[in-house]
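Morning, everyone. I'll walk you through one structure today, starting at the ligand and working outwards.

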Amino acid sequence: MSQRSAHIFLVDDDEAMREALAVLIESWGYRVSTAGDGVVARSEIARTTPDVIITDVVLPGMSGLDLLEELERDGVKTPIILITAHGTVGWAVDAMKRGAMDFLTKPVDHGHLRELIERAVEEIELQGWTLDLQRQLEEGRLGQLVGQSPAMEELFKSVRLLAAKQTSAIILGESGVGKEVVARTIHDLSPRAKGPFLAVNTAAIPEGLIESEIFGHEKGAFTGASQTRLGCFEQADGGTLLLDEIGDMPLALQPRLLRVLEEGRARRLGGSREVEFDVRVIAATNRNIDELLQTRVLREDLFYRLNVFTVNAPPLRDHSEDVALLAQHFVQNFNEKHETAITGLRPDALEILENYEWPGNVRELRNVVERATILAQKGWIQPTHLPGHVRSVAGRGKKVILPIGTTTAEAERRLITETLAAVGGNKTEAARHLGVDPKTIYNKLKAYEAAE
Ligand SMILES: Nc1ncnc2c1ncn2[C@@H]1O[C@H](COP(=O)(O)OP(=O)(O)OP(=O)(O)O)[C@@H](O)[C@H]1O
Ligand SMILES: [Mg+2]
């Protein structure tokens with residue numbers, strides 16, 4: 001529905017006033033129907049389902065307030081604007097408590113009326129748009145993964161494929177792109193879904209404890225081992241084990257891990273026998289895999305054992321089409337968690353989110369939506385509910401204008417310094433905008449300084 005074709009229903013017993021208002025509202029581009037009393041209005045409204053209702057409070061037979069109540073009983077959700085004479089302002093205030101959208105006093109201020117109608121129509125459009133998003137949300141998900149962009153469809157394909165297989169896999173992607181959710185979804189859709197899903201984050205365990213966390217230990221295996229502890233393979237038996245941050249696995253443990261993976265058996269620290277297990281192993285890292293291999297942080301043989309299949313989880317900036325859907329998904333989650341009543345995001349707020357770069361990917365979006373939900377409490381998330389650094393999307397719309405005759409060296413210098421200024425001097429951020437390594441920025445700046 002476009003703003004201009006909205007259907008306005010006007011109820012007033014004063015024919016001259018009614019006709020005058022109808023002509024006025026039509027002149028703003030709306031379609032207008034009218035009724036002279038509440039009874040006719042009620043049945044016409046049921047029949048024609050207008051977008052906005054405007055009614056006089058004092059009507060013969062059924063008053064505007066009675067009409068409001070009847071319509072509520074009929075389940076009509078259409079916004080209602082009341083028009084009152086001075087003597088009935090108290091009623092109108094009462095009516096607002098009962099759900100009327102707003103009221104105007106006679107003589108009707110045309111500008112105010114027009115503004116109210118526009119606001120009502122905009123609200124309906126937003127509601128319709130959000131409903132649409134909710135419908136898309138029902139389709140645009142796989143397990144706990146939300147998205148419907150081609151990039152996410154591609155990811156969904158890999159997830160479905162892997163769910164049907166038993167092979168190991170490695171999930172690559174920046175921090176916050178959802179690698180753990182991908183692993184969990186593969187598990188949830190696989191025949192192992194009834195078994196456990198266990199995520200072991202190598203980066204989060206103190207180095208001295210990693211061995212015992214992964215392989216387990218027998219009681220008394222070392223000082224402080226007062227209880228027997230099952231290794232993660234035993235814990236995940238029959239299910240899926242996510243070895244998260246595989247790039248942080250101590251090098252010394254990697255050959256042992258490889259052997260365990262190949263043999264399907266592990267020995268606890270201090271244990272005398274090997275325990276068999278049936279575990280599907282998925283690994284993940286947010287680090288550059290080539291670099292991990294080149295610098296020998298990750299052993300090639302272990303990598304090839306895990307890397308039967310590679311899943312690339314895309315950064316959010318490469319599928320910003322999904323921001324609306326993801327944000328709506330998080331709004332619904334946080335409404336439950338915080339008992340808020342957010343309907344959704346206003347288009348201007350969403351536009352800001354869609355233009356942001358999301359260095360922290362979906363995790364960052366989730367945090368921004370959570371904060372906005374708490375700030376707004378109900379209704380719509382507006383730009384003011386978004387953090388300043390997201391709102392002032394660095395450099396958006398700014399230009400670097402270079403006259404013909406500028407040398408390429410000078411052009412590069414201008415582009416670098418102005419981008420840097422636009423992002424408040426943040427070199428990493430500037431490097432991302434320019435598509436170069438932060439190191440390049442440092443070096444260039446040093447060279448500029450030296451030349452001065
Ligand atoms: N496609 C998605 N749909 C719904 N939620 C998502 C999606 N991607 C990420 N999330 C959410 O974003 C947050 C971060 O996801 P997750 O922990 O899986 O990221 P990660 O890639 O493992 O990051 P890290 O490398 O920092 O461990 C979680 O709250 C997760 O639920
Ligand atoms: Mg993770």
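A residue counts as near the ligand if its C-beta atom, placed from the backbone, lies within 6 Å of it. Keep in mind that this is a predicted model.

So, which residues come nearest to ligand 1? There are 17 residues around the ligand, and Ser175, Gly178, Lys179, Glu180 and Val362 come nearest. By class, the shell holds 6 nonpolar, 7 polar and 4 charged residues.

Where does that shell come from? Three elements supply at least two residues each: strand E7, at 145-146, helix H7, at 179-189, and helix H15, at 361-376. On the domain level, domain 2 (143-312) and domain 3 (316-391) each give at least three residues to the shell.

That brings me to the domains. The assignment splits the protein chain into domain 1 (3-136), domain 2 (143-312), domain 3 (316-391) and domain 4 (408-451). Take domain 3 and domain 4: their centres, over C-alpha atoms, are 31 Å apart.

Now the cores. In soluble globular proteins, nonpolar side chains tend to be buried together. Here, the largest nonpolar core has 62 residues. Ile171, Leu241, Ile282, Ala327 and Leu365 have the most contacts inside that core. Helix H13 gives the largest share, 7 residues. Domain 2 and domain 3 each put at least three residues into this core.

Look at Ile171 for a moment. Leaving out residues up to four places away in sequence, Ile171 touches Lys179, Val182, Ala183, Ile282, Ala284, Val311 and Ala313. Remember Lys179 from the ligand: Lys179 is among the residues that come nearest to ligand 1. Ile282 is also on the list of residues with the most contacts in the core.

Apart from that core lies another one, of 32 residues. Its members include Ala6, Ala35, Leu71 and Ile80.

Next, helix H14, residues 347-355. Which of its residues are buried? They are Ala349, Ile352 and Leu353. These three sit on the same side of H14, because they cover an arc of only 95° around the axis. What covers them includes helix H13 (323-338), strand E17 (341-345), H15, strand E18 (378-381) and helix H16 (388-391).

Step out of H14 and you reach Glu357, in the loop between H14 and H15. Glu357 has 18 other C-beta atoms within 10 Å, so it counts as partly exposed. Glu357 touches Arg317 and Arg432, again leaving out residues up to four places away in sequence. Asp318 is 39 residues from Glu357 in sequence, yet the C-alpha atoms are 9.1 Å apart.

On to H15. Asn361 is in this helix. Its phi is positive, about 55°, although Asn361 is not a glycine. Is Asn361 buried or exposed? Asn361 counts as buried, because it has 23 C-beta neighbours inside 10 Å. Leu375 is in H15 too. With 15 other C-beta atoms within 10 Å, Leu375 is partly exposed. Leu375 and Thr340 are 35 residues apart along the chain, and 9.8 Å separate their C-alpha atoms.

Compare that with Arg296. Arg296 lies in the loop between helix H11 (289-294) and helix H12 (300-306). Arg296 is not a glycine either, and its phi is positive, about 55°. But Arg296 is exposed, because there are just 9 other C-beta atoms within 10 Å. The cut-off for exposed is 12 or fewer.

Over to helix H18, residues 427-434. Its buried residues are Glu429, Ala430 and Ala431. They pack against helix H17 (408-422) and helix H19 (438-451). Right after H18 comes Gly435, with a positive phi near 70°.

One more backbone point. Which kind of peptide bond, going by its omega, links Lys106 to Pro107? This bond is cis, with omega near -5°. Pro107 is in the loop between strand E5 (102-105) and helix H5 (110-139).

To wrap up, two things to take away. Domain 2 and domain 3 each supply at least three residues to the ligand shell. Those two domains also each supply at least three residues to the largest nonpolar core. Thanks, that's me done.

Note on methods
Residues are numbered from 1 along each chain as its sequence is written. Chains are lettered from A and ligands numbered from 1 in the order in which they are written. This is a predicted model: local features need pLDDT of at least 70, side-chain atom pairs count only at pLDDT 80 or more; totals for chains, interfaces and linings use all residues. Helices (H or I, at least four residues) and strands (E, at least two) are DSSP runs, numbered from the N terminus. Ala, Val, Leu, Ile, Met, Phe, Trp, Tyr, Cys and Pro count as nonpolar, Asp, Glu, Lys and Arg as charged, and the others, Gly among them, as polar. Domain bounds come from an automatic or database domain assignment. A residue is buried if 20 or more other C-beta atoms lie within 10 Å of its own, exposed if 12 or fewer, and partly exposed in between; C-beta atoms are placed from the backbone. The arc is that of the directions from the helix axis to the C-beta atoms. Two residues are in contact if their C-beta atoms, placed from the backbone, lie within 7 Å. A nonpolar core is a set of buried Ala, Val, Leu, Ile, Met, Phe, Trp, Tyr and Cys residues joined through C-beta atoms within 7 Å.
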